[in-house]
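Me: I would like to learn how to read surface patches and pockets in a protein model. Please take me through them one at a time.

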Amino acid sequence: MITLEFWREEHVVSHPEDAGAVCVVEIPAEEFIGILGGIVAALEASWSGSRL
């Protein structure tokens, strides 16, 4: 299980009932692996460019 919290001030201002809410979303393993792969690729590209 992965627990994640995010905060957007503009959302809480317009939806105060969501403050402190916990939402659950199921993501298939293959899709999550794809997301992680995209993050790795973006970080590698970013790190390659900064080492010049």
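Me: Which residues form a nonpolar patch on the surface?

Reply: This is a predicted model. In it, Val 25, Ile 27, Ile 35, Leu 36, Ile 39, Leu 43 and Trp 47 form the patch. Together they have about 640 Å² of accessible area.

Me: Where is Ile 35 placed?

Reply: Ile 35 sits in helix α2, which covers residues 29-50. Leu 43, another member of the patch, lies in helix α2 as well.

Me: Why does Ile 35 count as partly exposed?

Reply: Buried means under 20% relative accessible area, and exposed means over 50%. Ile 35 has a relative accessible area of 37%, so Ile 35 is partly exposed. Leu 43 is also partly exposed, because its relative accessibility is 37%.

Me: Now the pocket. How is empty space found?

Reply: A probe the size of a water molecule is rolled over the atoms, and this shows where empty space is left. Here the largest pocket holds about 910 Å³ of space. It is lined by 21 residues, and the closest to its centre are Leu 4, Glu 5, Val 22, Cys 23 and Val 24.

Me: How many residues of that lining are nonpolar, polar and charged?

Reply: The lining has 14 nonpolar residues, three polar and four charged.

Me: How far is Leu 43 from Glu 5?

Reply: Their C-alpha atoms are separated by 21 Å. Along the chain, Leu 43 and Glu 5 are 38 residues apart.

Notes. Residues are numbered from 1 along each chain as its sequence is written. This is a predicted model: local features need pLDDT of at least 70, side-chain atom pairs count only at pLDDT 80 or more; totals for chains, interfaces and linings use all residues. Side-chain values use heavy atoms; hydrogens and water are left out. On a 1 Å grid over the protein atoms alone, a cavity is a set of points where a 1.4 Å probe fits but cannot get out, and a pocket is an open set with protein on both sides within 12 Å along at least five of seven lines; lining residues have an atom within 4 Å of a point. Grid points are joined across faces, edges and corners, and a volume is the space filled by probe spheres set on the points. Ala, Val, Leu, Ile, Met, Phe, Trp, Tyr, Cys and Pro count as nonpolar, Asp, Glu, Lys and Arg as charged, and the others, Gly among them, as polar. Patches are made of residues with over 30% relative accessible area and no salt bridge: like charges are joined within 9 Å, nonpolar side chains (Val, Leu, Ile, Met, Phe, Trp, Tyr) within 5 Å. Accessible areas come from the Shrake-Rupley method with a 1.4 Å probe; for residues, only the protein chains shown count as cover. A salt bridge is a side-chain nitrogen of Lys or Arg within 4 Å of a carboxyl oxygen of Asp or Glu. Helices (H or I, at least four residues) and strands (E, at least two) are DSSP runs, numbered from the N terminus. Buried means under 20% relative accessible area, exposed over 50%, partly exposed in between (1.4 Å probe, protein chains only).
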